[in-house]
Amino acid sequence: MATEAIEAGAHAAGESGSAGMPQLDFSTFANQIFWLLLALVALWWVMSRIALPRIGSVLAERSGTITNDLAAAEELSLKVKEAEAAYTKALAEARVEANRIVGEARDAIKADLAEATARADAEIAEKTAESEKQIAAIRASAAGSISEVAKATATEIVAILGAEADAKTVEALVDARVKG
Amino acid sequence: MADGAESSGGLQIHPMEQFTVRPLFGGGEDHGLSFYTVTNVTLWMAIAVVCVILLFVFGTRGRAIVPSRVQSVAELAYGFVHKMIEDIAGKEGLKYFPYVMTVFMFIVTANMLSLIPMSFATTSHIAVTGVLALLVFVSVTVIGFVKNGAAFLGLFWVSAAPLALRPFLAVIEVMSYFVRPVSHSIRLAGNMMAGHAVFEVFAGFAAVALISPVSIVAIAAMYTLELLVAFVQAYVFTILTVVYLKDALHPQH
């Protein structure tokens, strides 16, 4: 079989006189060209009618899907940003509110404190005044007692010394002494 | 060629024999091939077409948003060629996307299939690549004249060059324009043929015990190179098609 084929090839090559190149055996050209055109037409028909439109639509569909998904992702990320902004805003508001409440409380406490302090000061002043009055009274009474004692003592001493003590004179003398 | 190898070393190396077109069901040897005879060309082109259909029709039947492996390969090829046309020829070029895609997938699949041992390399035949290139050449020329009318001839009139030089450049441009389908087709067929012929030569040397380890390693190394070549040549053919298409759509330099 193989040798036959070789002989046939050699024979064909000899016919075309091309030193054994089957490519230049023109008797096969019509056959090759016929089958080539048939193959090309078949392939072209399948490509242009079935394969390429199908792949084209798949690719278009895919890019559409990808575009849609990207748009959806974009939308979601916008929503996330919005939510974040709202959160930040709420946080800032809450902080301001908290500061306000703290300030109010501080002011109230300050006012209470000031009131209490004022009341306490007033009480203290009142008590001080009372105490001072008592002290003054005590001091006055003490000074009175001293002069009384001194007068009595002076009258007694004068009486012991044997002199007639004039009560008025002694009193005046003692007063002058105590004051002086 | 074969005779020389036989007489010099007794080795049976027939590097070109693998490219022979022969009928699958016999009967063709005697009275030549009719154009409709079912040959190994038919078989391997049909396998290529079936592979592409499996990849692009059955692989994408799920129409999944998250693609399966096969579907993502089809999508990768789609995006690769689609982007190539859009980048080079612009949006107007996308009208011809199905044909460019057909050419690319046919060539890349046929190139890869030809790397299966005992397979037949359809794209190593100048008849095949020549038709592919001529189809591109003719359609690009027609598109150029239909879209731009006589302005398409501006492609050959290099307005950037000094006026005195332009006639000479025009001659060169016209020549290079007509050489396009030749280089376009021979580049692909030549690359495929050379690679497969080298495989065959190394395989022939593997019969000699002393050299066989070297030749087997060489075949393995060549195979990786040829995998690259199989893709790169399909890519080059396609990108040149798109570049020519760009010339037809925008003939201004």
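Start your tour by selecting helix 8 of chain B, residues 212-249: with six residues, this helix gives the most to a nonpolar patch on the surface. Keep in mind as you go that you are looking at a predicted model.

Now show the side chains of the whole patch. Select B:F80, B:M112, B:Y223, B:L225, B:L227, B:L228, B:F231 and B:V232, which together make a nonpolar surface of about 640 Å².

Next, pick B:M112 from that group. You will find B:M112 in helix 5 of chain B, which covers residues 97-113. Its relative accessibility is 33%, so B:M112 counts as partly exposed.

From the surface, move on to the core. The largest nonpolar core has 62 residues, and B:F56, B:M101, B:M105 and B:F106 touch the most other members. Color the elements that give two or more residues to this core: helix 2 (29-160) of chain A, plus helices 3, 4 (69-89), 5, 6 (126-148), 7 (166-205) and 8 of chain B. Another core, of five residues, lies apart from it; select B:M16, B:A121, B:M193 and B:A197, which are among them.

Go back to B:F56 and display its contacts. On chain A, B:F56 touches A:M47, A:A51, A:R54 and A:I55. On chain B, its contacts include B:A74, B:A77, B:M101 and B:M105.

For the last stop, select B:T37, in the loop between helix 2 (28-31) and helix 3 (40-58) of chain B. Is B:T37 buried or exposed? Its relative accessible area is 17%, so B:T37 is buried. Show its contacts too: A:N31 and A:W35 from chain A, with B:P23 and B:T42 from chain B.

Note on methods. Residues are numbered from 1 along each chain as its sequence is written. Chains are lettered from A and ligands numbered from 1 in the order in which they are written. This is a predicted model: local features need pLDDT of at least 70, side-chain atom pairs count only at pLDDT 80 or more; totals for chains, interfaces and linings use all residues. Side-chain values use heavy atoms; hydrogens and water are left out. Helices (H or I, at least four residues) and strands (E, at least two) are DSSP runs, numbered from the N terminus. Buried means under 20% relative accessible area, exposed over 50%, partly exposed in between (1.4 Å probe, protein chains only). Contact means heavy atoms within 4.5 Å. Patches are made of residues with over 30% relative accessible area and no salt bridge: like charges are joined within 9 Å, nonpolar side chains (Val, Leu, Ile, Met, Phe, Trp, Tyr) within 5 Å. Accessible areas come from the Shrake-Rupley method with a 1.4 Å probe; for residues, only the protein chains shown count as cover. A salt bridge is a side-chain nitrogen of Lys or Arg within 4 Å of a carboxyl oxygen of Asp or Glu. A nonpolar core is a set of buried Ala, Val, Leu, Ile, Met, Phe, Trp, Tyr and Cys residues joined through side-chain atoms within 4.5 Å. Lists of a residue's contacts leave out its neighbours within four places in sequence.
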